[in-house]
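Student: Please take a close look at any space enclosed within this model, and walk me through what surrounds it. I would like one connected account that I can follow on the screen.

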Amino acid sequence: MTAARGEYASVAERVSVVSRLRDAARSCASARDAAQRADAAHDAARTDAEERVAASVFSDAAEAAAALRDAAEIEQLATRVAEHDAQRTATRHRVLELELELAGTPDEPVDLAASQAALDTADAARTDALAAESEARHLAAALRDLVLQLDDAYAGVAARAAEAAAITRLADTVAGRAPNSMKMDLETFVLAAELEDIVAAANLRLQDMSSGRYRLQHSDARAARGAASGLGLEIADAFTGHARPAQSLSGGETFLASLALALGLAEVVTARAGGVRLDTLFIDEGFGSLDEETLELAMRTLDELRQGGRTVGVISHVAAMKEQLPAQLSVEATPHGPSVIRQEGSAETPAVQSGSLAEV
């Protein structure tokens, strides 16, 4: 190991130094070869230059270098040479064409009389053609004016036709005919808008009477078999989350919905009449179809109306209602003629007081 290291601190250091010396020696040899090749190329170039100068009109290389032109002048001379070559080529082609045209022609002068006669005939035909063209231009201008007049007239007719078509479409739409896809005439459309207000007012009552289960909603879906549409009613059932036909309600539910609509109609009419109140309301609708709970709910709703200052009269044969009515009128048939109207416990017929709930 010591012999291999020699005078260096380690074998690796000695290898590194020796490697650098080897690389330096190789670089020196390569540089020496490149210098020899450059000297050879320089000698060859000098010899070639001397031979070229000897073969030229110049006495030495300095005189030849002085005779060199700049790049701009060389480019200008090259352009002139190229233009001259192009002109010479075109002239040669034209000469060849003329030689081909003159091939086979006689050397004697040509008789021009026939050619002159043909020229005169052609000139007369040209004059006639120009006159015909002028006449055709005038005729075309007149026809163009007529076409413009026709276009203006057609545009006026088209505008009136479009206006008539628009009026016809509007009339058909208002009458509920095509293109009115809903088959809804103007009267029904106005009533549908009123019905939406009535339904909105009725839902305030119906949701309370149905404990939040039912809501009325207006439907403008097309009726079957092309019938008029726009005044339909559906029931939104909160229990199922779906809308269903109003005909699917039970008897008691139908009564509650009808009562809510009647009350909603009264409120809308009051609003439309400038605040004029409907102080008296008579109801003759299906109390006998209600179960006890529904009947109690209906009576509570009517009682709320009574407390608001209205007179509410109900026409019913339900015995359970008599216990909840503060004022009653009874209609009794007699064997001797017309029926008798009696207030409960009196033979007289009293006036119904405002703010009362009465049965007839």
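Tutor: The largest cavity is lined by Leu206, Ser210, Tyr214, Ile235, Leu249, Glu253, Leu256 and Ala257. The structure is a predicted model, in which local features need pLDDT of at least 70 and side-chain atom pairs pLDDT 80 or more, while totals for chains, interfaces and linings use all residues. Residues are numbered from 1 along each chain as its sequence is written, and side-chain values use heavy atoms, without hydrogens or water.

The structure holds one cavity of 30 Å³ or more, and the largest cavity contains about 40 Å³ of space. A cavity is a set of points, on a 1 Å grid over the protein atoms alone, where a 1.4 Å probe fits but cannot get out, whereas a pocket is an open set with protein on both sides within 12 Å along at least five of seven lines; lining residues have an atom within 4 Å of a point. Helix H7 (residues 251–272; helices are DSSP runs of H or I with at least four residues, strands runs of E with at least two) gives the most to the cavity lining, with three residues. By class, this lining divides into six nonpolar residues, one polar and one charged.

Ser210 and Leu256, both in the cavity lining, also appear in the largest pocket, which has a volume of about 350 Å³. Of the 17 residues lining this pocket, Met209, Ser210, Leu256, Glu293 and Thr294 are the closest to its centre. H7 and helix H8 (292–307) each supply at least two residues of the pocket lining, and H8 has the largest share, with five. The classes here are five nonpolar, six polar and six charged residues.

Next to the cavity residue Tyr214 in the sequence, arginine 213 forms a salt bridge (a side-chain nitrogen of Lys or Arg within 4 Å of a carboxyl oxygen of Asp or Glu) with aspartate 237, the closest N and O atoms being 2.9 Å apart. Because arginine 213 lies in the loop between helix H6 (186–209) and strand E1 (214–219), and aspartate 237 in strand E2 (residues 232–237), the pair ties together parts that are 24 residues apart in sequence. Arginine 213 is partly exposed at 22% relative accessibility, whereas aspartate 237 is buried at 3%, where buried means under 20%, exposed over 50% and partly exposed in between, with a 1.4 Å probe and protein chains only. Salt bridges that share partners join Arg213, Asp237 and Arg244 into one network.

Conventions:
Grid points are joined across faces, edges and corners, and a volume is the space filled by probe spheres set on the points. Ala, Val, Leu, Ile, Met, Phe, Trp, Tyr, Cys and Pro count as nonpolar, Asp, Glu, Lys and Arg as charged, and the others, Gly among them, as polar.
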